[in-house]
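Please take a moment to look over the sequence and the structure below before reading on. The paragraphs that follow go through charged pairs and then through nonpolar cores.

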Amino acid sequence: GDIYWFASAVCGLIVGSSFRPPARLGRWARSSHHEIRVLVSSVVAVTAVGPLVAILSPTRFGVLAPVALLTDGGVDPDCGRQAFTGHCLQDFALDPMRHHTIVLDSLIPVVVLLVAAYYLLRGRRAALWVAVVFNGALGLSSLVSFILLPIVRGTGRQASLATHSWPGHVALAASAITPLAAAVLLVVLRRHFALGPTLDRVRRLLLGGTGAWHHGNPAQGTLPGLEDGRARARRLLARDGGSLSHIATWGGNSYWFTDRADAGLAYRVVGGVALSAGGPFGRPAAYEEAVRGFARFCDDRGWRPVVYSADARVLQPVARAMGWRTMVVAEEAVLDPVTWSTRGKKWQDVRTAVNRAKKAGVTAVWTRFGALGLVEQTQIAEISEQWVAGKSLPEMSFTLGGLGELADAEVRLMLAVGPDGRVEAVTSWMPFSREGAVVGWTLDVMRRRRDAMNGVMEFLIEQTMERAREEGLAEVSLSGAPLARVVQGPPTPLDRTLERIGSVFETRYGFASLMRFKSKFQPCYRPLVMAYPDPALLGTIGMAVLRAYLPTLSMRQAMRLLRS
């Protein structure tokens, strides 16, 4: 039966490949962080429950079955671990008496590995090392107990000659290799699991949960735990925040708040640089206090503080008061729903896209990711993975969201759905508030199928603008694009360097092309700036920003990128 299943799978792959375009055959497709985490988490879950499944199955024999024997203390003396052979393994497979004991003894590693698999799905680095340690221990124990010791003592060789049970020895070898291979896989892919415990969480664990850690001077602020910090950030964002402030709620961020917890910043430390993305949020009058306290907090820990991609109207006065420098890193395209109109020659492309969508029966659906059915969610994941696979470099993060950020209950989706119910394209919109009321949305994810109709993105943005006008919103932001600027003054050496870097990334990610696409909607451009304390740190800051956007970029890819 297993042979039939294997043959069917091979035939299915051959037949299925015939339905794909020939140009795609044999091409390596890049995976997103989300997909890699899902697959690695699945591997860890299989190594956790696999031994129990093998033990509880009718045949009681499988590649992972010997791993479960490591927890059994009732192996016969003449068939101990130091002399375990294929003959003994077959006797065990036919003996149902001790299986219940083995199942109970195996629950602890199973539970630990399943918990690790769950947190691997969320990108936790600690879960990765727990899974590495447990799988490595199981693999090494199998290797020593079933292979090395029998070889050293000679019993394995004698039993093998006596019983001619070489398939059993192959199974024992596979049982040792499987968890070891899983551990190696985890180590190789560790770059995709970058979320580590915060310093505050470790201190509270060691001190018995004494609450938030207050450090230094009276105005130094507070460091909450990760979950408490995210919840506090959401409360502040519901009151006041900039158009990009919602990225503070994304995974991978740590949080800094003022003493009164009325303003804060979300940051991540990369190479000794503390990058705060999106600027301060909360009560506007406390923004300067938040940035100053954040700078002192970073200085106490030897980090270089940087506030990245914040509204120039908010950050530049604060930076000037602190003696910091600022530079424009992107241009945010902003639309006014009140004056929104598609009349005139400049709007011809948008009107054409809307008319084409109506003729093709494509409809716009305004929804949340959690409100969608499994079929629609799977299609959105497929669109996202197609988009990632078409890139020559890893998926970017930091200020750019992906599939994982769509599940936020506060994020809205505008979908293009064909007449057959197929999702053709997806855009996601993050809310931002002023004085406790939502006043606008900011575009984040924007992805489409390769074979979707031309103009589907223009159609979705037009539909979003119509809805924003109906709801009385003050503005809609099409966000910015890293290293792509429209409004420029006299070029400086740093500007020319950024233009060079931007031209390198353009062939991979198309940021300049994205800005040209947004210009179809006749937006007003608002500069997004980076504030930093010392120009001598620009080289270090540049590397930190690159690593923040591409945390899984390998050295080989970086060198190839620099040579291009």
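Does Glu410 count as buried, exposed or partly exposed, and what is its relative accessibility? In this predicted model, Glu410 counts as partly exposed, at 34% relative accessibility. Its partner in a salt bridge is Arg234, with the closest N and O atoms 3.4 Å apart. Because Glu410 lies in the loop between helix H15 (374-389) and strand S10 (412-417), while Arg234 belongs to helix H11 (residues 226-237), the pair ties together parts that are 176 residues apart in sequence. Arg234 is likewise partly exposed, with a relative accessible area of 25%.

This pair belongs to a wider set, for a search of the whole structure finds 17 salt bridges. Another of them joins Arg260 to Glu289, where the closest N and O atoms are 2.9 Å apart. Here Arg260 sits in the loop between strand S3 (254-257) and strand S4 (263-270) and Glu289 in helix H12 (residues 287-300), so that this salt bridge ties together parts that are 29 residues apart in sequence. The two partners differ in their surroundings, since Arg260 is exposed, with a relative accessible area of 56%, whereas Glu289 counts as partly exposed at 25% relative accessibility.

A further salt bridge brings together the side chains of Asp311 and Arg313, at 2.8 Å from N to O. Asp311 counts as buried, at 17% relative accessibility, while Arg313 counts as exposed, at 54%. Returning to Arg260 and Glu289, one finds that salt bridges with shared partners join these two residues with Asp262 and Arg283 into one network.

From the charged pairs we turn to the nonpolar side chains. The largest nonpolar core holds 36 residues, of which Leu275, Ile380, Leu413 and Met530 touch the most other members. Among the elements that give two or more residues to this core are strand S5 (273-277), strand S7 (304-311), strand S8 (325-335), strand S14 (524-532) and helix H19 (538-549), together with H15 and S10, the two elements that flank the loop holding Glu410. Helix H19 supplies the largest share of the core, five residues.

Which residues are in contact with Met530, leaving aside its neighbours within four places in sequence? They are Val306, Val307, Tyr308, Ser309, Arg325, Thr326, Met327, Val329, Leu538 and Ile541. Apart from the largest core lies another one, of 29 residues, which includes Leu460, Val476, Leu478 and Phe517.

Notes
Residues numbered from 1 in each chain as written. Predicted model: local features only at pLDDT ≥ 70, side-chain atom pairs only at ≥ 80, totals over all residues. Heavy atoms only, no water. Salt bridge = Lys/Arg side-chain N within 4 Å of Asp/Glu carboxyl O. Helix = DSSP H or I, 4+ residues; strand = E, 2+ residues; numbered from the N terminus. Buried < 20%, exposed > 50% of the residue type's maximum accessible area, 1.4 Å probe, protein only. Core = buried A, V, L, I, M, F, W, Y, C linked by side-chain atoms within 4.5 Å. Contact = heavy atoms within 4.5 Å.
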